[in-house]
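Me: I should like to go through this model by way of questions, each followed by a short reasoned reply.

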Amino acid sequence: MSAPCHCKHSDDGASNGNALNVLSPELQQEFKDSNHPANLICELCRLFYDNNWVTGTGGGISIRDVDGENPNLVYIAPSGVQKERIQPWEMFLVELPDEKILRTPNDIPKELTKSYKYKPSACTPLFMSCYTMRDAGACIHTHSQHAVMTTLLYENEKEFTISHIEQIKALPKLQYNEQTKKVEKLVIPIIENTPHEEDLTDSLQEAIKNYPGTSAVLVRRHGIYVWGETVWKAKVYNEALDYLLELAVKMKLAGIPLVKEDS
Ligand SMILES: CSCCC(=O)C(=O)COP(=O)(O)O
Ligand SMILES: [Zn+2]
C-alpha cells in the first residue's frame with residue numbers, strides 16, 4: 001500500500017488516476033470507453049498541444065455525440081486550463097438546442113477536480129454556432145502559428161485563397177471544374193480579432209453564412225476555427241488546413257503566388 005501524499009501538489013486532484021473510484025458507477029462506466037467524446041477531447045488536446053496548436057491554455061475542441069443515443073449532447077472543455085492535462089470528468093455537458101447544462105465539473109467530487117470554480121470554454125458560443133448553423137459533429141479551435149502568420153502576411157485581405165496544391169483535396173465541398181479538369185481553389189474567410197473570444201461569435205456566424213462551402217474561419221492575429229461532420233473529419237480538415245497554411249507562409253515569403261491560373 002502506498003503512503004498518502006501530503007505534498008502541496010495534491011491540490012491537483014485531476015492527475016490522480018486511482019481517484020476515479022470516487023466517481024458515480026455510471027460515470028466510471030462511461031469513461032472506460034476510449035471513444036467516449038470526453039476521452040477523445042483529452043486525447044486530441046494532447047495531440048494538438050504537441051503540434052503547438054493549444055499551448056498556454058489557448059484553443060481547444062468540442063465534440064457533439066453524433067454516434068451516441070442522443071446526438072444533441074455536446075461536450076465542452078473548461079476555460080483557461082492547460083488543455084493537454086484535462087481529464088474526462090472535467091468536461092461540461094450541454095444539450096442542444098437550448099444549451100441546457102446537464103453536467104458540470106463543479107459537481108464532481110473535489111478529490112478529482114481543481115480547487116477553483118470551472119467555467120465552460122470561452123469558445124462555447126462559437127462552437128455552438130458550428131453545431132447549429134452547420135450541423136457539425138465537432139469543432140476545433142487552434143492558435144496555430146501558421147494560421148496567425150497567414151493572417152498577418154495577408155493583413156488587408158478578408159479571405160485566404162490557395163490553388164493547385166494536392167492537399168486541398170482533403171477538404172470538403174470543393175467543386176470539380178469539368179472544363180479545366182481541376183479541383184477549384186480553396187477560400188477561407190478571415191475575421192478580425194476581438195478582446196474577448198465570445199465576441200467573435202457575430203462575425204464567425206456572418207462568415208459561415210457568406211461562405212456556405214467553408215469548413216473553417218481564420219481569426220486575425222489569433223488562430224482558426226475548423227469543424228466537420230464528425231470528430232475525425234474535423235481532425236483531418238484541421239491537419240490539411242494547417243499544412244496548407246504553413247505552406248502558404250513559406251510560399252509568400254519565397255515570393256511564390258498562392259493562386260496559379262489554369263493553363
Ligand atoms: C491564452 S488563451 C486566450 C483565450 C483564447 O483565445 C482561447 O482560445 C482559450 O479559450 P478557453 O476559454 O477554452 O480557455
Ligand atoms: Zn482562442
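Me: Which residues surround ligand 1, and how do they divide by class?
Reply: In this predicted model, the shell around ligand 1 includes Gly56, Thr57, Gly58, Gly59, Gly60, Ser79 and Gly80. Also in the shell are Ser121, Ala122, Cys123, His141 and Glu197. By class, these residues come to two nonpolar, nine polar and one charged.

Me: From which domains does the shell around ligand 1 draw at least three residues?
Reply: The protein chain is divided at residues 12–121 and 122–263. The shell takes at least three residues from each part, that is, from domain 1 and domain 2.

Me: How many residues of domain 1 are in contact with domain 2, and which element gives the most to that side?
Reply: The C-alpha centres of the two domains are 26 Å apart. Across the boundary, 22 residues of domain 1 are in contact with 21 residues of domain 2. On the domain 1 side, the elements that give two or more residues are helix H2 (37–50), S1 and S2. The most, five residues, come from S1.

Me: What is the make-up by class of the side of domain 1 that touches domain 2?
Reply: Each residue on this side is assigned to one of three classes. The count is 13 nonpolar, seven polar and two charged residues.

Me: Which elements do the buried residues of helix H3 pack against?
Reply: Helix H3 spans residues 124–134, and its buried residues are Thr124, Leu126, Phe127, Met128, Ser129, Cys130 and Tyr131. Just after H3, Asp135 has a positive phi of about 55 degrees. The partners of the buried residues are strand S1 (60–64), strand S2 (73–76), strand S5 (138–142), helix H5 (201–210) and strand S11 (223–228).

Me: Which elements are included in what covers the buried residues of helix H4?
Reply: In helix H4 (residues 145–153), the buried residues are His146, Ala147, Val148, Thr150 and Thr151. Their cover includes S5, S6, S9, strand S10 (216–219), S11 and helix H6 (231–253).

Me: Which residues of strand S6 are buried, and which residue in S9 is the bridge partner of Phe160?
Reply: In a regular strand the side chains alternate between the two faces of the sheet. Strand S6 (residues 159–162) shows this alternation: Glu159 and Thr161 point to one face and are not buried, while Phe160 and Ile162 point to the other and are buried. S6 pairs with strand S9 (residues 186–191) in the antiparallel sense over four bridges. Within S9, the bridge partner of Phe160 is Ile188.

Me: Is Glu166, in the loop between S6 and strand S7, buried or exposed?
Reply: An unreviewed UniProt entry places the feature "active site" at Glu166. The residue lies in the loop between S6 and strand S7 (176–177). Since 12 or fewer C-beta neighbours within 10 Å make a residue exposed, and Glu166 has 7 inside 10 Å, Glu166 counts as exposed.

Me: Where is Val22 placed, and which residues beyond its neighbours within four places in sequence is Val22 in contact with?
Reply: Val22 is in the segment before helix H1 (25–30). Because it has 16 C-beta neighbours inside 10 Å, Val22 counts as partly exposed. Setting aside neighbours within four places in sequence, the contacts of Val22 are Pro109, Glu111 and Leu112.

Me: What percentage of the residues in the protein chain is buried?
Reply: The protein chain has six helices and eleven strands. Of its 263 residues, the buried share is 37%.

Key
Residues are numbered from 1 along each chain as its sequence is written. Chains are lettered from A and ligands numbered from 1 in the order in which they are written. This is a predicted model: local features need pLDDT of at least 70, side-chain atom pairs count only at pLDDT 80 or more; totals for chains, interfaces and linings use all residues. A residue is buried if 20 or more other C-beta atoms lie within 10 Å of its own, exposed if 12 or fewer, and partly exposed in between; C-beta atoms are placed from the backbone. Two residues are in contact if their C-beta atoms, placed from the backbone, lie within 7 Å. Two strands pair if DSSP finds at least two bridges between them. Domain bounds come from an automatic or database domain assignment. Ala, Val, Leu, Ile, Met, Phe, Trp, Tyr, Cys and Pro count as nonpolar, Asp, Glu, Lys and Arg as charged, and the others, Gly among them, as polar. A residue is near a molecule or strand if its C-beta atom, placed from the backbone, lies within 6 Å of it. UniProt positions are given in the numbering used here, feature names are shortened, and annotations may be inferred rather than shown by experiment.
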